[in-house]
Structure formats: structure tokens, C-alpha cells
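User: Please take a close look at one strand of this model and its surroundings. Then work outward to the rest of the structure.

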Amino acid sequence: MRLQGKNLTVRYPGAPHPSLEAVSLDVAPGTLYAVLGPNGSGKSTLMRALLGTVPLETGEVKIDGLPLEAWRRRDLAQAVGAVTQHESAAFPIGVRELVAMGRYPHLGTLRAPGDRDRELVEAAMIRCDVDHMADRDVGTLSGGEHQRVRIARALAQDPRALILDEPTASLDIRHEMEILRLLRHSADQGITVLLITHHLDLAARFADRLLLLGCGRLAAEGSPAEVFRAEVLEAVYGWPVEVLVDERTGAPRVIPLS
Amino acid sequence: MTRRPGPAAAVLALATLLAAFAGVRFGPVAFTGEEFLSILLGGGDPLDRFFVLELRLPRVVLGLLVGGGLALAGAVFQALLRNPLAEPYILGISGGAAAGAVGVLALGLAGAASWYLPGAAFAGALLAIALVFGVAASADRRLDVRVLLLSGVVVGAFFSAVIALVLALSDAPTVRGAVMWMMGSLSGASWRTVGIVAAYTVPAGLFLLALARPLNLMAIGEDTASYLGTNVEGTKRIAYGVASLVAAAGVAFVGVIGFVGLVVPHGVRLVVGPDHRILLPLSALAGGGFLVLADLGARTVFAPTEIPIGVITAFVGVPFFLLLLRRSLRA
């Protein structure tokens, strides 16, 4: 499934500058595409623009070649799974109940979940290593566990594309690597993955292409080797860096200088 | 966290059935079992028949409808506004209804025609709903639920001031009548009012029950709800509108009965969990049963004096709820 955004500009009410300005991107089917950039550079706004939860000042989004406005919300949710940065339930809810909500787009208003729905929910929990906490209240989980539960819910949607906003921000090394391998594997299976992250090195190592945002504008786009140039990263992040190539992985690495 | 709602549903259904039976069976006028049975079978003294079939039975049915509607509306508002303090009246509905009713009472028109009082109360509630909706929707093209909550509280406060002004300029009997109305009573029940309230509450209630899954998602968060296939703006508008109408229809005929819409959904949620597919129907059931029992208490505790039903719902509901809350915190 192809995700395309052309000339996307988003301005929040009352903000002097657009949060996203004339950004275009084209995510080919089955790629792992990472979006990088400093705090407030427009990464999450780009996600909301692609998913239609923020009004566009200019530009248009196409999903699978079809303009976003032509998608019914439910059809879109069957095709694209999304994991936001934060989420807090108004009332206590169990892990399995939350993951099972990933099946809602497929069930609609009234249909009861069937065996396949339950299988997908259990499989998603196993893949995100949350099956052993299935009966716990989400409110009692750690930040990283909660993130894994929400990734599991997106997987339970059985989507053709995944958009994730810093899904590994609170994860320990093992779970972060497991989630990145899971996303890499999903992309290799043909699922389009758009990953917003602050982990430059891991993005360079796992992603096919990178998009670097600075102050809402596109600063660089291309393969990890193309985007990881010291002068570009220094300008965007406002900090001196050195770019090396990791001998073990062959991917570029960023060393912040002091 | 995984709960089995079956036993809870069975117990609630049985309890509501027993409450309804008790509501018809008992009252200030006592019948022996034999007399009661013959009335049900179509015999008995005509006056006794009138008591049971024309006064008590419609009263019980109205209690089921209004109590169920208020609890259902409360559960919907709590999910929609993502706020555990939300209840059917927080959006100014009771304030508007009470202002309408007090206006009619102060003008001395309540006795002129039987529909003036509920008509004015319903009109007041609709005015409040329209005002609150207008404010919340004008801030942005989207409906901001925080603004909805705030403007509801503010509109309610305005109508309270209107009521206070009217009462300050009224004579003592009017004030007493207004206060009694505002505390709620099912004494105005007749088959006609049952028909009118049912015509609103039953279809609206069924519609709200069908919103269970979108409401599950709304309680998680609006963005997530959207990404899981919910038309968030549409759901907010329609659920707010329909739940408000259910509350308004109830309050127009029975006055302001606090507490049912707040406490019943919470109590049910503590037992069966947050899934609205179970929570909504069981809240409606429990709210109906609770109000019928409260009305039985209102009629019989100080018989022949009838006390406001709102007093009973608070006296019974508060300790019960605190107990439930304590139990759930310990578990």
C-alpha cells in the first residue's frame, strides 16, 4: 500500500508559523520509512496529516492512489494501523480488551468477534510480548509495556500499512530491538511501515529510506547514507556531530560531539 | 480484568423484575395477596383496580423508562466527555428544564392544562441543549468536549440564577411546588405520559446501545477512535444530541432526579467492566430498577406523605456507591 503526501502544509490555530510546510513524501509499498527530526519539527503533525486528523492548509494525501477524502474512516482503519505517542483511557480497561479493539474496524457496529478475530488478537499479543499480561489493567502497566500493548492493537488490525509515532520511545533495548525487527519483518512481508523516531542510528540501520524534518520543512530525504551527512544533521539538530559507518552493521552512525 | 457479565446480568434482570413487581404490589394502600391476585386476573374492586392498573403500574413503567434512560445517558456522557463526573444534567439540561417548569408554576399556569408543565420543562431543556451545543461547536468546526462540559456547567448556572430570581419574586406555595418539582417525582405518571416518554426513550435508547463500540473507542481517546474507524465528530454530535433528548424527555415528566445518571453507570462499570456493549444495557436495566425501588420508598416510607424521589436516590445511592468504590479499591 502506497502512502503519498504532496505539498502538505498544516497550521494550528493561533500559531504564527506552520507546523508542517510544503512537505511531500512518497512511501512505496513494503518499505520501512523512518521520519526523523528534532522536537517540534512536525513529525507527529505529518502523521496526523497523513491520517486526516488535522485539517490541511495546502496539499493532498493519497493512500493506495486514492485521495484521503475518498476513504471512509472504517475502510481506512481496516487498511492502516496507527500508534500515537500517548493515549490514556478514561476508565480502567484490560490489556486483551484494548488489543481486541484492533478488530473493531473489521467488525463494524454489531458483528461479534469470531475465531479468526480472537486468533489475530492472541497472535498480536504474542508478537509484542504482552500475552503474559493479557488480563492486567492497562493502568498498571509501565510506559514501555503500554506502548507494546498499543503496537499489538495496531497489529491486530491486520493492516496493510502501519504508522507509528515513537513506538519504541520507552522501551528497553531488548524490546526496542524486537519491535524494530518486527517492523522490518512486516515491511519485508509487503506491509508499508512509516516510523517516527528519535533513534537515528537504529533508523539508519533498519529503514529503507529516511525523511528528515527541520522546523516543519523537509531537510533531507533518501537512503540512510544520503541523509546521514554531518552538515545536514548539524544544521537541523543544531549540534555538532560526526557520522561514522558501523563496521558491524554497515549502517551510518551519528556521534554527537561535545 | 476479563469479566464474565452473565451472572451480573442475570442478577440485575431478576432484581429489576422484583423491583417492578414490588412497585406494583406495595404502596400506601395495602392489598392482601388474594386481592392483588384477583386484580391482576381482571377482577377485584374497581377502585382497587384503578389504584393498581392506572396509578401504580404506569408509575412503575415510567420509572423503568426514566431511570433506564438517565443511567444510559449518563454512561454515554461519561464515555463521550471522557469524564467520570459527567451525568445527564451536567450539560445544563436539568437547569433548562427546571427554569421552564418554574416559569410555568410562577405564572400559575401549571393547572391550566396537563401538558404545560412537562411542555415548558422540555422546551427549557431543549433551549439549554441548543445553547450548550452552539457554544461548543462555534469555537472550531470540531466539537470540543471540554468546551461542551464547561459551557454546560455555565448554562446550568445561568438557569439556576433565573430560577432563583423567579422564586424570589414568587409566593410561598409556588416556591414549595417548584422545590418539590425540582426534587423529582413519579406521581404524575399515567399511561399517556408513559406513551410519550416511551416514544422518545425506547428508539433513542436502542440507538445509543448500537453506539457501544464507537463509545468504547471514544473513551480511549479521540485520535485513537478515529484511527480505529470511528467518525469522531459525527459520533460526538449524534450521541450528545440523542442522549440529551433522552434525559430531557425524562426530566420533563418527572422533574430533576439526581444521582441515577451518575452513580448507576459507575456502579455497573465497577462490576462488569468498561465494555459499553455490556455496560450500556446493564446500566439501563439497573437505572430502571433503582428508580422504581426509590419511588417505592418515596411513596411508602412516610406514607401518606410522599417525599421527593431525589432524596431517596441520594440516600440509598450514596452509601451503596461508596461501598462499591471501597470494595473495588481493595480488590
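Analyst: Start with β8 of chain A, in what is a predicted model. Both faces of β8(A) are covered. On one side sit A:T192, A:L194 and A:I196. On the other sit A:V193 and A:L195. Every one of these residues is buried. The count for the strand agrees: five of the five residues of β8(A) are buried, and the strand is mostly covered. Buried here means that 20 or more other C-beta atoms lie within 10 Å of the residue's own.

Next, the strand's partners. Strand β8 spans residues 192-196 of chain A, and β3 spans residues 32-36 of chain A. These two strands pair in the parallel sense, over four bridges. Within this pairing, A:V35 has A:I196 in β8(A) as its bridge partner. The other partner to look at is β7(A). β7(A) and β8(A) also run parallel, and five bridges join them. Here A:L164 stands opposite A:L195 of β8(A). Two of the buried residues of β8(A), A:I196 and A:L195, thus come back as bridge positions: A:I196 towards A:V35, A:L195 towards A:L164.

Now the whole sheet. The order is β6-β7-β8-β3-β9-β10 in chain A. The sheet is open, has six strands and shows mixed pairing. In that order β8(A) stands between β7(A) and β3(A). The edges belong to β6 (80-83) and β10 (217-222) of chain A. Each edge strand has a single partner strand, so one side of each has no neighbour in the sheet. On average, neighbouring strands are turned by 15° against each other, direction ignored. As background, strands of a sheet pair through backbone hydrogen bonds, either parallel or antiparallel.

Helices lie against this sheet. Helix α1 covers residues 43-51 of chain A. It lies across β3, β6, β7 (161-165), β8 and β9 (209-214) of chain A. Its direction is at about 150° to β7(A). Helix α6, residues 143-156 of chain A, also packs on the sheet. Helix α6(A) touches β6 and β7 of chain A, and makes about 170° with the direction of β6(A). β8(A) is among the strands that α1(A) lies across.

One backbone detail in chain A deserves a check. A:N7 has a positive phi of about 55°, although it is not a glycine. A:N7 is placed in strand β1 (residues 3-10) of chain A. With 13 C-beta neighbours inside 10 Å, A:N7 counts as partly exposed.

Move to the contact between the chains. 25 residues of chain A are in contact with 22 residues of chain B. On the chain B side, α9 (212-220) and α10 (222-227) are the elements that give two or more residues. α9(B) gives the largest share, five residues. By class, this side of chain B has nine nonpolar, eight polar and five charged residues.

Chain B itself is divided. The domain assignment gives domain 1 (84-256) and domain 2 (258-331) of chain B. Their C-alpha centres lie 19 Å apart. The contact between them takes 18 residues from domain 1 of chain B and 17 residues from domain 2 of chain B. On the domain 1 side, α7 (172-183), α8 (191-209) and α9 of chain B each supply at least two residues. The largest share, four residues, comes from α9(B). That side of domain 1 has twelve nonpolar, five polar and one charged residues. So α9(B) gives the largest share on the side of chain B that touches chain A, and also on the side of domain 1 that touches domain 2.

Look at α9(B) with helix α13, residues 276-300 of chain B. The two axes come within 8 Å and cross at roughly 110°. The pair is therefore roughly perpendicular. From α9(B), B:A212, B:L215 and B:N216 meet B:H276, B:R277 and B:L280 in α13(B). By class, this contact has three nonpolar, two polar and one charged residues.

Last, a backbone detail in chain B. B:F259 has a phi near 85°, a positive value in a residue other than glycine. B:F259 is found in the loop between α11 (232-254) and α12 (260-272) of chain B. With 25 other C-beta atoms within 10 Å, B:F259 is buried.

Technical notes
Residues numbered from 1 in each chain as written. Chains lettered and ligands numbered in written order. Predicted model: local features only at pLDDT ≥ 70, side-chain atom pairs only at ≥ 80, totals over all residues. Contact = placed C-beta atoms within 7 Å. Nonpolar A, V, L, I, M, F, W, Y, C, P; charged D, E, K, R; others polar. Domains from an automatic or database assignment. Pairing = 2+ DSSP bridges. Axes fitted to C-alpha atoms, helices over the stretch in contact; angles between N-to-C directions. Parallel < 35°, antiparallel > 145°, perpendicular 65-115°, else oblique. Buried ≥ 20, exposed ≤ 12 C-beta atoms within 10 Å, placed from the backbone.
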